[in-house]
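Trainee: I have the file open and would like to go through it with you. Could we settle a term before we start?
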Amino acid sequence: MNARPTSGIAVDVGTQGNPGIIEWCIVDMSNRIRIYASKQYPDGTNNIGEALAIVHALAWLKKRGRTDPVYSDSFTARTWVAKQKFKTTHRTSNPILEELIWRAEQWLSDNPNHAEVKAWDTVNWGENVADFSRKH
């Protein structure tokens, strides 16, 4: 079993339906302090929320001159971030989410040399420290 990292930034999304209400959380793994918790946004998807959380964490790190890795358990969101494009097939009716997606893609385009985004290894490390604990 691999040891859980003791530093870095963990992100996760909480959903109520998919699509449905989404919110995300960003946690500093070195001290387990919640750096950010978004408000709730209707008509989003798990992947949209997870990708927004990753970009939010990357921007937060850059603003502070930090290069810690960002950990996410969403393969799809990590792929979108790597390609600088949210490839969602869901067309949200929420104009605020549409704006956040556009801004996130723009930030990724403007900041290609951001901190590394890594996979959260749930099997070996347990649940993501930023998890909302809503699994049924």
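Mentor: Let us begin with contact, which means heavy atoms within 4.5 Å. Please also keep in mind that this is a predicted model.

Trainee: Fine, so what does Ser38 touch, not counting residues up to four places away in sequence?
Mentor: With those residues set aside, Ser38 touches Glu23 and Trp24, and the side chain of Ser38 reaches the backbone nitrogen of Trp24 at 2.9 Å.

Trainee: And where does Ser38 lie?
Mentor: Ser38 is in the loop that runs between strand S3 (33-37) and strand S4 (41-44).

Trainee: Is Ser38 buried or exposed there?
Mentor: Ser38 counts as buried, because its relative accessibility is 7% and the cut-off for buried is under 20%.

Trainee: Switching to the inside, which residues touch the most other members of the largest nonpolar core?
Mentor: That core has 29 residues, and the ones touching the most other members are Ile9, Val11, Leu52, Leu58 and Val70. At least two residues of this core come from each of strand S1 (9-17), strand S2 (20-28), helix H1 (46-63), helix H2 (75-83) and helix H3 (95-110), with H1 giving the most, 10 residues.

Trainee: Okay, and what is Val70 in contact with, leaving aside neighbours within four places in sequence?
Mentor: Leaving those neighbours aside, Val70 is in contact with Ile9, Val11, Ile54, Ala57, Leu58, Leu61, Glu116, Val117 and Lys118. There is also a second, separate core of nine residues, and among them are Cys25, Val27, Trp120 and Phe132.

Trainee: Trp120 makes me think of rings, so how many aromatic pairs does the structure hold?
Mentor: It holds five aromatic pairs. In one of them, Trp120 and Trp125, the ring centres are 5.1 Å apart and the planes stand at 80 degrees, so the pair is edge-to-face.

Trainee: Are those two buried or exposed, and which residues do ring pairs link into a cluster?
Mentor: Both Trp120 and Trp125 are buried, and ring pairs link Tyr71, Trp120 and Trp125 into a cluster.

Trainee: Last topic, what volume does the largest pocket have, and which lining residues are closest to its centre?
Mentor: The volume of the largest pocket is about 300 Å³. It is lined by 14 residues, of which Val55, His56, Ala59, Leu100 and Arg103 are the closest to its centre.

Trainee: Which element gives the largest share of that lining?
Mentor: H1 does, with six residues, while H1 and H3 each supply at least two residues of the lining.

Key:
Residues are numbered from 1 along each chain as its sequence is written. This is a predicted model: local features need pLDDT of at least 70, side-chain atom pairs count only at pLDDT 80 or more; totals for chains, interfaces and linings use all residues. Side-chain values use heavy atoms; hydrogens and water are left out. A nonpolar core is a set of buried Ala, Val, Leu, Ile, Met, Phe, Trp, Tyr and Cys residues joined through side-chain atoms within 4.5 Å. Buried means under 20% relative accessible area, exposed over 50%, partly exposed in between (1.4 Å probe, protein chains only). Helices (H or I, at least four residues) and strands (E, at least two) are DSSP runs, numbered from the N terminus. A polar contact is a pair of N or O atoms within 3.5 Å; within protein, one must be able to donate a hydrogen and the other to accept it, and residues adjacent in sequence count only if both atoms are side-chain atoms. Rings of Phe, Tyr and Trp (its six-membered ring) pair if their centres lie within 6.5 Å; planes under 30 degrees apart count as stacked, over 60 as edge-to-face and the rest as tilted. On a 1 Å grid over the protein atoms alone, a cavity is a set of points where a 1.4 Å probe fits but cannot get out, and a pocket is an open set with protein on both sides within 12 Å along at least five of seven lines; lining residues have an atom within 4 Å of a point. Grid points are joined across faces, edges and corners, and a volume is the space filled by probe spheres set on the points.
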